[in-house]
Amino acid sequence: MAQRQFINRHNMVISLDLTAPSAADFNQILTFLMRSRVFQVLTHSPPLYMVYLRQFWENIRYDASVQPSVIRTRVHDTDIAFLAANLRTILSLGTEAQENGPTEFPAAMRAGALQRMGYVGALDATQVVKSLVYGQWRYLIHVLVTALGAKKGGFDEINVKLFSGMLSLVYDKPYSFSRYIFEAFVDQITGNPRSRFMLFPRFAMMVIAYFVPNLPPTTEIVQVVVVDKKLFVTCLKHDPRRAVELRPQVTPLFGYLLDEAYVAPPNDGWEDFIAQAPGHAAPAPVQVQVQALAPAQAPIPVQVTEVPI
């Protein structure tokens with residue numbers, strides 16, 4: 001019988017603590033995240049009752065015979081059916097207008113944003129390497145990957161879809177986090193059985209609690225990790241193995257991260273975005289350069305609980 005794993009270093013909880021050691025250098029990004037539409041999905045830590053999570057995954061199926069498509073399951077003798085649109089309400093992901101967007105932005109827009117962030121890797125990369133930006137930008141990527149990433153582990157890179165979600169926060173542009181999460185659930189249901197695990201346990205528990213109110217507590221409770229506050233120090237370090245000219249540039253935050261009245265430019269071309277940076281006149285064309293990357297970090301040990309289903 002196949003087993004689906006609970007992984008405690010996946011869908012982690014983010015502590016947005018302004019009083020933490022070394023947090024002073026991250027005041028701007030912490031303040032933004034506390035007012036952002038992803039605050040709930042980053043910080044909410046419901047009790048994770050294993051018996052209900054087990055039922056959620058034992059009974060889950062994807063129904064594409066109806067439109068819009070739906071995910072169905074059964075928990076505590078209660079049938080549950082949810083759409084991507086339901087996740088906007090359940091996970092408090094913002095307004096309908098904010099969610100009425102794509103799950104991937106154009107490559108030119110991504111390249112322009114990376115340039116403004118001081119990225120020293122390839123601007124056309126499909127995976128953005130976290131260590132190739134610095135400071136608050138590195139922190140923001142790490143927060144999104146650890147809390148919203150759909151992989152079992154590996155926090156060194158952020159993929160195109162989640163990086164696009166990050167840019168939606170930077171530029172206050174519509175982006176469907178609910179559809180990104182829904183599609184990740186679908187991939188977990190329909191994908192390779194060898195890759196199956198308990199995806200997004202915090203979000204699954206929030207879905208269960210929404211459809212099954214007054215759920216009786218149980219004794220078997222599991223926990224995900226709270227992101228270590230030492231991350232602040234790590235985000236301010238340079239890899240000593242990299243030549244100085246190949247290290248990430250120190251660049252300020254911009255856009256909606258700093259200004260609640262910010263309005264994104266109407267087009268998605270990288271020129272519109274780079275031109276807004278202080279000191280930038282007519283920008284030169286983007287020169288895509290592939291830099292030698294630092295060796296991958298050793299994998300972080302994870303705690304795995306085998307759950308037969």
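When two helices are compared here, each axis is a line fitted to C-alpha atoms over the stretch in contact, and the angle between the N-to-C directions can run from 0 to 180 degrees. Keep that in mind as we walk through this predicted model.

Let's start with α1 and α7, the latter covering residues 136-148. Their axes lie 9 Å apart and make an angle of about 35 degrees, and the crossing is right-handed. On the α1 side, the contact is made by Asn27, Gln28, Ile29, Leu30 and Leu33. Facing them from α7 are Gln136, Tyr139, Leu140 and Val143.

Now step back along the chain to leucine 18, in the loop between β1 (3-7) and α1 (27-35). Leu18 joins Met34 and Phe39 in a nonpolar surface patch of about 230 Å². Leucine 18 has 37% relative accessibility, so it counts as partly exposed.

On the other side of α1, in the loop that leads to α2 (39-43), sits valine 38. Is valine 38 buried or exposed? Its relative accessible area is 0%, and because anything under 20% is called buried, valine 38 is buried. What does valine 38 touch, leaving aside residues up to four places away in sequence? The answer is Leu33, Leu169 and Phe177. Phenylalanine 177 is 139 residues away along the chain, yet its C-alpha atom is 8.7 Å from that of valine 38.

Next come the charged pairs: the model has 9 salt bridges. One of them links aspartate 79 and arginine 74, whose closest N and O atoms are 2.7 Å apart. Aspartate 79 is exposed at 59% relative accessibility, while arginine 74, at 35%, is partly exposed.

Arginine 110 and glutamate 104 form another salt bridge, at 4.0 Å from N to O. Here arginine 110 is buried, with 9% relative accessibility, and glutamate 104 is partly exposed, with 43%.

Finally, look at glutamate 183 and lysine 161, whose side chains meet in a salt bridge at 3.2 Å, N to O. This pair ties together distant parts of the chain: glutamate 183 belongs to helix α9 (residues 177-190) and lysine 161 to helix α8 (residues 160-171), with their positions 22 residues apart in the numbering. Shared partners bring Arg179 in as well, so that Lys161, Arg179 and Glu183 make one network of salt bridges. Glutamate 183 is partly exposed, at 23% relative accessible area, and lysine 161 is partly exposed too, at 33%.

Definitions and conventions: Residues are numbered from 1 along each chain as its sequence is written. This is a predicted model: local features need pLDDT of at least 70, side-chain atom pairs count only at pLDDT 80 or more; totals for chains, interfaces and linings use all residues. Side-chain values use heavy atoms; hydrogens and water are left out. Patches are made of residues with over 30% relative accessible area and no salt bridge: like charges are joined within 9 Å, nonpolar side chains (Val, Leu, Ile, Met, Phe, Trp, Tyr) within 5 Å. Accessible areas come from the Shrake-Rupley method with a 1.4 Å probe; for residues, only the protein chains shown count as cover. Helices (H or I, at least four residues) and strands (E, at least two) are DSSP runs, numbered from the N terminus. Buried means under 20% relative accessible area, exposed over 50%, partly exposed in between (1.4 Å probe, protein chains only). A crossing is left-handed if the near helix is turned anticlockwise from the far one by less than a right angle, and right-handed if clockwise. Contact means heavy atoms within 4.5 Å.
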